[in-house]
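Colleague: Could you walk me through this model? I have a few questions about its backbone and surface.

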Amino acid sequence: MNRSILKLAIPNIISNITIPLLGLVDMMLMGHLSSPVYIGAIALGGTIFSVLYSFFSFLRAGTTGFTAQSYGANDSSEVSYSLYRSMTIAILAFLLILCAQKPIAQLSMALLDGSDDVKNLAITYFFVRIWAAPANMVLYCLNGWFIGMQNTKIPMTIAIIINVLNIFFSIFFVVTMHQDVVGVALGTVIAQYCGLITALVFLFVKYKSYLIKINIYTLLNINKLKRFFKVNADLMIRSILLVLTIAFFTDQSAKLGDNILGVNMILLQFFYIFSYFTDGFAYAGEALVGKFIGARDAENLRSVVSHLFKWGAYICVPFAILYALFPTTFVKIISDQPAILEQIRPYYIYMALIPVITFAAFLWDGIYIGATASKAIRDTMIISSIFVFLPMWYFLMPAYGNHGLWTAFLGFMLARGISMTFFAKKNILQLPNIQ
């Protein structure tokens, strides 16, 4: 079981590490410019896309769950249609996003707080990066399908290509062409389309046999579509609440000033670094849990859950120790601005707490997605965001400022881990019915 987990997890870890590396490079490029407003601008601009893409991130998660279960059940036809159905939704999604880009930008600026300088730069960033949406939507489907097929090496290759090219083009446009936030956005757009081309090449070369002729009646099978939309609607609600919580955290950070916004966005990079590392095991959980449920293999299902949490414990401890011992060293990699370095010191404690508090939530996410236990994952997110995070923010932030905001955010992540543990026996370990 450990070999099976590591075979899937290691490529995911390698590819996921490149994602926060990209975020770090973007922060470094902006953090070494003349003003903190550049960090705030890409933070707000990135928040818009995080919220926007959260509406459609089910395309990746749902595709993985359905594909893995069909793969485990040896249903090759449904393996193909898992991809076809999600690709159909992806095409409609990116057409909708491109048509509605101006209203999306206007609404985002009305809802998000920040200085006029930050907002103006953020909107500039938005109108460039929005043209990566078609590639992003289709890549959600393809990467989810590859993982469901128990192949994480292809998504690893795609992610490395995208993020290495993104870093290269961002540095080129910012440092050489002096294009600040526009350069970072252009780097993202070009890299996404390079990644899409790579993914399509892998699909047509390695999985050509699954590209069967589409039967419209099978594609639009009422029972399959009902389950597809039910699961994905729940996953969409879960993703929206997750990203809205982070967006709200960013918005409240902006209310505390440009410097605190910069501080919190830097600290969030270390949250993302750990989350992407742990998600390597979560993605392995998606693939293996889905396969064992599809094969109706209860023994291996329980075994993979147990082994995943052992790995989670093994990785959270060294992360917590490193964050606790060398916080200034890590922060200086991102920004050398004296105001940021001075104001961030009181918040180092949250860097050390992030791994210990959050690892269970990240692992359960993958397990629940592989099981397509969408109702449970939706309900636990509602509990954690609405009934834990918001009350903690309401009572703690007025009294404790940024410390209260961080306590509420970590309380939210802890509540997710606890609530999913509580719901797991009924929704995961008893081999849920997937018919």
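Colleague: Happy to begin: which residue just after helix 18 takes a positive phi, and of about how many degrees?
Modeller: This is a predicted model, where local features need pLDDT of at least 70, side-chain atom pairs count only at pLDDT 80 or more, and totals for chains, interfaces and linings use all residues. Residues are numbered from 1 along each chain as its sequence is written, and side-chain values use heavy atoms, with hydrogens and water left out. Helices are DSSP runs of H or I with at least four residues, strands are E runs of at least two, and both are numbered from the N terminus. Just after helix 18, the residue with positive phi is Leu431, at about 55 degrees.

Colleague: Where is the kink in helix 18 centred?
Modeller: A bend is the angle between axes fitted to the seven residues ending at a residue and the seven starting there. In helix 18 the kink is about 55 degrees, and its centre is Phe423.

Colleague: How far apart are the end C-alpha atoms of helix 18?
Modeller: The expected span is 1.5 Å times one less than the number of residues. For the 28 residues of helix 18 (residues 402-429) that gives 40 Å, which agrees with the end C-alpha distance of 39 Å.

Colleague: Is Val317 buried or exposed, or partly exposed?
Modeller: Val317 sits in helix 13 (residues 298-325). Buried means under 20% relative accessible area, exposed over 50%, and partly exposed in between (1.4 Å probe, protein chains only). Because its relative accessibility is 44%, Val317 counts as partly exposed.

Colleague: What share of the 435 residues of the protein count as buried?
Modeller: The protein has 18 helices and zero strands. By the cut-off of under 20% relative accessible area, the buried share of its 435 residues is 59%.
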